[in-house]
Amino acid sequence: MLIVVAAFYLGSIEKGGIWVPSLLGFISVFGAAVAANVLYSIVYPIEAFVQRSDLRQVWLGIRWVMYSIGTLLAVGLTYYCMVILHVTSTGFNL
């Protein structure tokens with residue numbers, strides 16, 4: 001996610017200088033962070049249930065797929081937050 005944030009920030013410097021996020025942007029990002037934490041926390045009970053069920057062997061085979069989906073979701077959410085911060089602070093439409 002650091003790469004996404006750094007690339008977006010460096011790209012915005014080339015387009016018009018350094019920007020300072022607005023309060024609305026921070027509130028939007030806070031809401032997205034809460035949603036990400038809720039999604040992250042839901043996984044633990046599901047993981048515990050599947051590990052103790054008959055689906056354990058199947059789960060071990062597709063676990064990396066679920067990890068990849070979660071990582072892509074996190075990257076997308078990070079990009080979304082960067083867009084929200086940039087648009088609310090500059091009024092610039094991407």
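**Entry 1: Leu 85**

I started with Leu 85, which is buried, with a relative accessible area of 10%. I am working on a predicted model. Leu 85 sits in helix 3. I then looked up a partner far off in sequence. Leu 23 is 62 residues away from Leu 85 along the chain. In space, I get 9.0 Å between the two C-alpha atoms.

**Entry 2: the fold**

Next I listed the secondary structure. I found three helices and zero strands in the protein chain. Along the sequence, I read the pattern as α-α-α.

I checked the contacts too. I took those between residues at least 6 apart in sequence, and 70% of them join residues at least 24 apart.

**Entry 3: burial and surface**

How many of the residues count as buried? I get 18% of the 94 residues in the protein chain. Leu 85 is one buried residue, as I noted above. For the accessible surface of the chain, I have about 7000 Å². Carbon and sulfur atoms hold 75% of that surface.

**Entry 4: the salt bridge**

I searched for salt bridges and found one in the structure. Which side chains form it? I noted Arg 63 and Glu 47, at 2.9 Å from N to O. The pair ties together distant parts of the chain, 16 residues apart. Arg 63 belongs to helix 3, residues 56–90. Glu 47 belongs to helix 2, residues 23–51.

I asked whether each partner is buried or exposed. Arg 63 is partly exposed, at 40% relative accessible area. Glu 47 comes out at 16% relative accessibility. The cut-off for buried is under 20%, so Glu 47 counts as buried.

**Entry 5: the largest pocket**

I turned to pockets last. The largest pocket has a volume of about 880 Å³. Helix 2 and helix 3 are the elements that give two or more residues to its lining. I counted 24 lining residues. Nearest the pocket centre I listed Leu 39, Tyr 40, Val 43, Met 66 and Gly 70.

Which element gives the most to the lining of the largest pocket? I found helix 3, with 12 residues. I sorted the lining by class as well. It has 18 nonpolar, four polar and two charged residues. Gly counts as polar in this scheme, so I put Gly 70, one of the residues nearest the centre, in the polar class.

**Entry 6: recap**

Helix 3 came up in several lookups. It holds Leu 85. It holds Arg 63 of the salt bridge. It also gives the most residues to the lining of the largest pocket.

Key. Residues are numbered from 1 along each chain as its sequence is written. This is a predicted model: local features need pLDDT of at least 70, side-chain atom pairs count only at pLDDT 80 or more; totals for chains, interfaces and linings use all residues. Side-chain values use heavy atoms; hydrogens and water are left out. Helices (H or I, at least four residues) and strands (E, at least two) are DSSP runs, numbered from the N terminus. Buried means under 20% relative accessible area, exposed over 50%, partly exposed in between (1.4 Å probe, protein chains only). Contact means heavy atoms within 4.5 Å. Accessible areas come from the Shrake-Rupley method with a 1.4 Å probe; for residues, only the protein chains shown count as cover. A salt bridge is a side-chain nitrogen of Lys or Arg within 4 Å of a carboxyl oxygen of Asp or Glu. On a 1 Å grid over the protein atoms alone, a cavity is a set of points where a 1.4 Å probe fits but cannot get out, and a pocket is an open set with protein on both sides within 12 Å along at least five of seven lines; lining residues have an atom within 4 Å of a point. Grid points are joined across faces, edges and corners, and a volume is the space filled by probe spheres set on the points.
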